[in-house]
Amino acid sequence: MIGGILSANMKLVVCIVHNRDRNRLCDQLVKSEFKFTVIGSSGGFLREGNTTLLSCVQDDKLDLLKQIIEVNCRAREQVVNAVPYESAASVAFVPSAMTVQVGGAVVFVVEVNEFVRF
Ligand code: 2BA
């Protein structure tokens with residue numbers, strides 16, 4: 001159907017993943033016939049590149065989508081030098097390492113009121 005409201009009963013899944021998981025995850029989603037959009041993004045904390053996927057799915061496909069994401073994304077530990085981004089020159093520059101766990105995937109599920117293709 002083109003030019004109409006296709007459906008309610010849908011969810012928008014916003015999924016942030018490590019770049020190293022992107023290709024494997026996208027391959028599996030295509031194989032499983034999901035439609036999705038890939039956006040290059042970056043984390044506000046690490047300021048490093050990651051990938052954001054947007055997928056609008058029928059409610060009955062949501063569990064499968066989450067399962068595919070879970071299976072294809074890994075948690076990773078990353079050591080960062082914790083330095084204030086706005087550190088003033090007069091402030092002592094003392095970087096201290098800290099470890100953060102990144103991912104596997106961060107997923108938000110949002111109710112969709114309307115889905116239209118023109
Ligand atoms: P980043 O913002 O670069 O965060 C990378 C990892 O650093 C996070 O992993 C978390 O373990 C840690 N982290 C983030 N903010 C922190 C803070 N203020 N203090 C200490 N540690 C912090 P994840 O939680 O797995 O997040 C991976 C990426 O997912 C994030 O990259 C960000 O791009 C996105 N993200 C996570 N939570 C989000 C949220 N509530 N809203 C929007 N995006 C989010």
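Guide: Axes are lines fitted to C-alpha atoms, for helices over the stretch in contact, with angles from 0 to 180 degrees between N-to-C directions. The model is predicted: local features need pLDDT of at least 70, side-chain atom pairs 80 or more, while totals for chains, interfaces and linings use all residues. Residues are numbered from 1 along each chain, and side-chain values use heavy atoms, without hydrogens or water.

Visitor: How far apart are the end C-alpha atoms of helix H1?

Guide: H1 (a DSSP run of H or I, at least four residues) covers residues 19–31. Its 13 residues should span 18 Å, at 1.5 Å times one less than the residue count. The model agrees: the end atoms are apart by 19 Å.

Visitor: At what angle do H1 and H2 pack?

Guide: H2 runs over residues 62–72, and its axis lies 9 Å from that of H1. H1 brings Asp 21, Arg 24, Leu 25, Gln 28 and Leu 29 to the contact (heavy atoms within 4.5 Å). H2 brings Leu 65, Ile 68, Ile 69 and Asn 72. The packing angle is about 145°.

Visitor: Which residues of H1 are buried?

Guide: Buried means under 20% relative accessible area, with a 1.4 Å probe and protein chains only. Leu 25 touches Val 17, Leu 53 and Cys 73, among others beyond four places away in sequence. The buried set in H1 is Asp 21, Leu 25, Cys 26 and Leu 29.

Visitor: Which element gives the largest share of the largest nonpolar core?

Guide: This core has 14 residues (buried nonpolar residues joined through side-chain atoms within 4.5 Å). Val 13, Leu 25, Leu 29, Leu 65 and Ile 69 have the most contacts inside it. Strand S1 (10–18), H1, strand S3 (49–58) and H2 each give two or more residues. The largest share, 4 residues, comes from H2.

How values were computed. Buried means under 20% relative accessible area, exposed over 50%, partly exposed in between (1.4 Å probe, protein chains only).
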